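Here's a quick walk through one chain, written for someone who would rather look at contacts than adjectives. Have the viewer open while you read.

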Amino acid sequence: EEGATYPFLRALNLGTITTPGVVGGTESNAETVIAAAGLTITDVTRVCDPKIPLGQVMRQAPPRGTRVPEGAGMTLVVSLGPIQISTIEQLQRIGGH
């Protein structure tokens with residue numbers, strides 16, 4: 001019957017994908033790996049971090065190994081590297097003054 005659901009098929013996780021782990025790699029590599037897995041990137045947040053190099057993925061959601069539907073979206077947090085301040089004006093903007 002068209003549109004019927006078959007619980008035994010759901011139990012086999014058909015139509016779901018295990019999220020890959022992209023933390024620690026580059027944003028470019030993460031895009032390739034996520035697309036190859038049949039998933040999408042729905043949001044990227046960029047933050048400064050004194051210890052993590054520019055362009056490196058710091059966090060992902062859902063985490064590695066999570067079962068999600070095909071085509072589901074993932075979000076990434078990518079490092080901007082250490083904060084770069086070259087003028088007093090930039091420092092004041094960061095400090096809110």
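Leaving aside neighbours within four places in sequence, which residues is E27 in contact with? The answer is V44, R46, G55, V57 and V78. Keep in mind that this is a predicted model.

**Start with E27**

E27 sits in helix α2. Is E27 buried or exposed? E27 counts as buried, because its relative accessibility is 15% and the cut-off for buried is under 20%. One of its contacts, R46, is also a polar partner: the two side chains are joined by a polar contact of 2.7 Å.

That pair also qualifies as a salt bridge, with 2.7 Å from N to O between the side chains of R46 and E27. In sequence terms the two ends are distant, 19 residues apart, with R46 in strand β2 and E27 in helix α2. How many salt bridges does the structure hold? Just 1.

The two ends don't share a burial class, though. R46 has a relative accessible area of 43%, so it goes down as partly exposed, whereas E27, at 15%, is classed as buried.

**The sheet behind the helix**

Now zoom out to the sheet. Here 3 strands make an open sheet, ordered β2-β5-β3, and the pairing is mixed. The edge positions go to β2 (40-47) and β3 (57-61); each has a single partner strand, so one side of each has no neighbour in the sheet. From one strand to the next, the twist averages 20°.

The mixed pairing is easy to see if you take the two strand pairs in turn. β2 and β5 (residues 73-79) run in the parallel sense and share 7 bridges. β3 and β5, on the other hand, run antiparallel and are joined by 4 bridges. If you'd like some residue pairs to click on, here are a few of the bridge partners found in β5:

| Residue | Bridge partner in β5 |
|---|---|
| T40 | G73 |
| V44 | L76 |
| A61 | T75 |

How many of the residues of β5 are buried? The count is 5 of 7, which leaves the strand mostly covered.

And where does helix α2 go? Helix α2 (residues 27-36) lies across β2, β3 and β5, and it runs at about 165° to β2. The salt bridge between R46 and E27 therefore connects that helix to strand β2, since E27 belongs to α2 and R46 to β2.

**The whole chain**

Finally, some numbers for the chain overall. It contains 3 helices and 5 strands, and reading along the sequence gives the pattern α-β-α-β-β-β-β-α. Of the 97 residues in the chain, 22% are buried.

What about contacts across the sequence? Take the contacts in the chain with a separation of 6 or more: 68% of them are between residues 24 or more positions apart. As for surface, the accessible area of the chain comes to about 6,600 Å², and carbon and sulfur atoms account for 57% of that.

To go back to where we began: E27 is a buried residue in helix α2, and its contacts include V44, V57 and V78 as well as its salt-bridge partner R46.

Methods: Residues numbered from 1 in each chain as written. Predicted model: local features only at pLDDT ≥ 70, side-chain atom pairs only at ≥ 80, totals over all residues. Heavy atoms only, no water. Pairing = 2+ DSSP bridges. Axes fitted to C-alpha atoms, helices over the stretch in contact; angles between N-to-C directions. Contact = heavy atoms within 4.5 Å. Salt bridge = Lys/Arg side-chain N within 4 Å of Asp/Glu carboxyl O. Buried < 20%, exposed > 50% of the residue type's maximum accessible area, 1.4 Å probe, protein only. Polar contact = N/O pair within 3.5 Å; in protein donor to acceptor, adjacent residues only side chain to side chain. Areas by Shrake-Rupley, 256 points an atom, 1.4 Å probe, with all protein chains shown as cover.
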